[in-house]
Amino acid sequence: MAVPKRKLSRSNTRHRRAQWKATTPQLVPLTVDGSVHLVPQHLVKAYERGLLRPA
């Protein structure tokens, strides 16, 4: 794990943190037991295998 040699100023820390943005997951339609559900794209295989159940 990287360890900083010097303390980072509060201003620099906050400027760095301000650049991070969460993105909403891309939802795709998936038919489960005859009904269509919108599920995140990266979970489609789990739903198809029956590991997850749509709400």
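**Exercises on a hairpin and its surroundings**

Aspartate 33 lies in the loop between β1 and β2; helices (H or I, at least four residues) and strands (E, at least two) are DSSP runs, numbered from the N terminus. The model is predicted: local features need pLDDT of at least 70, side-chain atom pairs count only at pLDDT 80 or more, and totals for chains, interfaces and linings use all residues. Residues are numbered from 1 along each chain as its sequence is written, and side-chain values use heavy atoms, without hydrogens and water.

**Exercise 1.** Describe how β1 and β2 pair.

Solution. Start with the ranges: β1 covers residues 27–32, and β2 covers residues 35–40. Next, take the direction: the two strands pair in the antiparallel sense, over six bridges (pairing needs at least two DSSP bridges between the strands). Then look at single positions: valine 28 faces valine 39 in β2, and proline 29 faces leucine 38 in β2.

**Exercise 2.** Describe the turn of the hairpin and aspartate 33 within it.

Solution. First, count the connection: two residues separate β1 from β2 in the hairpin. Second, check the backbone: aspartate 33 has a phi near 55 degrees, which is positive in a residue other than glycine. Third, check the cover: aspartate 33 counts as exposed because its relative accessibility is 80% (buried is under 20%, exposed over 50%, partly exposed in between, with a 1.4 Å probe and protein chains only).

**Exercise 3.** Sort the residues of β1 by covered and uncovered face.

Solution. Recall the general rule first: side chains in a regular strand alternate between the two faces of the sheet. Then assign the residues: Val28, Leu30 and Val32 make up the covered face. Leu27, Pro29 and Thr31 make up the uncovered one.

**Exercise 4.** Are arginine 14 and tryptophan 20 buried or exposed, and where does each stand?

Solution. Locate both residues: arginine 14 belongs to helix α1, residues 10–18, whereas tryptophan 20 sits in the loop between α1 and β1. Now read the areas: arginine 14 is exposed because its relative accessible area is 54%. Tryptophan 20 is exposed too, because its relative accessible area is 65%.

**Exercise 5.** Give the C-alpha separation of tryptophan 20 and valine 32.

Solution. Along the chain, tryptophan 20 and valine 32 are 12 residues apart. In space, their C-alpha atoms are separated by 35 Å.
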